[in-house]
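Please walk me through this protein model, beginning with its pocket and moving on to the sheet and the helices around it. I would like an account that I can follow with the structure open beside me.

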Amino acid sequence: MTTVFLSGSRKTSKLNEPIRFWIKKLIEQRTNIIVGDANGADKAMQRYLADQNYQNVKVYCSGSDCRNNAGDWDVQEVFVDPNLKGRAFYTQKDKEMASLADSGFVLWDGKSIGSISNVHELLKNGKSIVVYLSLEQQFIDVTNSDELAALIQRTNQSDARTIYKKLKINSGVDEQSTPVQGELNLRSVDVERL
């Protein structure tokens, strides 16, 4: 069964109709869903999945303190060095989910470093990603480093420079230019027509 890693920006706290429709298609396909425990997009997607009474969900938490679990699903605690702080602490669970998933779905506000980091990690693991760019209300497929670069260029120059600098994005993605996993058609329904 296919596993999809759902993630997104912490500033995204509501799901619009195209996003709910897209996640509903995952539910209808009985997809295994893995999601983090952060506030924002993780929490919003968890709430929607719980409202749909969907059970094929596992919540990943850095360390033993799980911040959100809206559906009382199974939890996967990821060991993290307690000396790590901030984004470095929470990135550990994201890296594990990126390695385990077959593909990813990322809600991006055009600024979140963590969200683009998840896209980067999925690409490094040879996975394809659908990104919902909230500024443009558009779904974008990202399957290689060129598509990631094009996505980052959609933000302003200052934010793009910050992303490249903080993630050292040019060094890792180029090693894996085509996805290893490509069996799930994440765009099987044209949600842009809604």
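What volume does the largest pocket have? In this predicted model, the volume of the largest pocket comes to about 500 Å³. Its lining is made up of 26 residues, and those that lie nearest the centre of the pocket are G8, R10, S112, G114 and S115. Three elements, β1 (3–8), α3 and α4, each give two or more residues to this lining, and the largest share, 7 residues, is supplied by α3. Sorted by class, the lining of the largest pocket holds 6 nonpolar, 11 polar and 9 charged residues.

The two helices named in that lining also pack against each other. Helix α3, which covers residues 86–100, and helix α4, which covers residues 113–124, meet at an angle of about 35 degrees, and their axes are 10 Å apart; the crossing of α3 past α4 is right-handed. On the α3 side the contact is formed by R87, D94, K95 and A98, and on the α4 side by I113, N118, E121 and L122. By class, this contact of α3 with α4 contains 3 nonpolar, 1 polar and 4 charged residues.

From the helices we can turn to the sheet, which is open, has 7 strands in the order β4-β3-β2-β1-β5-β6-β7, and shows mixed pairing. Strands β4 (74–78) and β7 (138–142) stand at its edges, and because each has a single partner strand, one side of each is left without a neighbour in the sheet. From one strand to the next, the twist averages 25 degrees.

Both senses of pairing can be followed in particular strands. Strand β2 (residues 32–36) pairs with strand β3 (residues 57–62) in the parallel sense over 4 bridges, and here G36 stands opposite Y60 in β3. Helix α3 returns at this point, since it packs on the sheet and touches β1, β2, β3 and β4, with its direction making about 145 degrees with that of β3. Strand β6 (residues 128–133), by contrast, runs antiparallel to β7, to which 5 bridges join it, and within this pair V131 stands opposite I140 in β7. The hairpin of β6 and β7 has 4 residues between the strands, and in this hairpin Q137 takes a positive phi near 50 degrees.

Taken together, these descriptions bring α3 up in three settings: it gives residues to the lining of the largest pocket, it packs with α4, and it packs on the sheet.

Conventions. Residues numbered from 1 in each chain as written. Predicted model: local features only at pLDDT ≥ 70, side-chain atom pairs only at ≥ 80, totals over all residues. Heavy atoms only, no water. Axes fitted to C-alpha atoms, helices over the stretch in contact; angles between N-to-C directions. Left-handed = near helix turned anticlockwise from the far one by under 90°. Contact = heavy atoms within 4.5 Å. Nonpolar A, V, L, I, M, F, W, Y, C, P; charged D, E, K, R; others polar. 1 Å grid on protein atoms, 1.4 Å probe; cavity = no way out; pocket = protein on both sides within 12 Å on 5 of 7 lines; lining within 4 Å. Points joined across faces, edges and corners; volume = space filled by probe spheres on them. Pairing = 2+ DSSP bridges.
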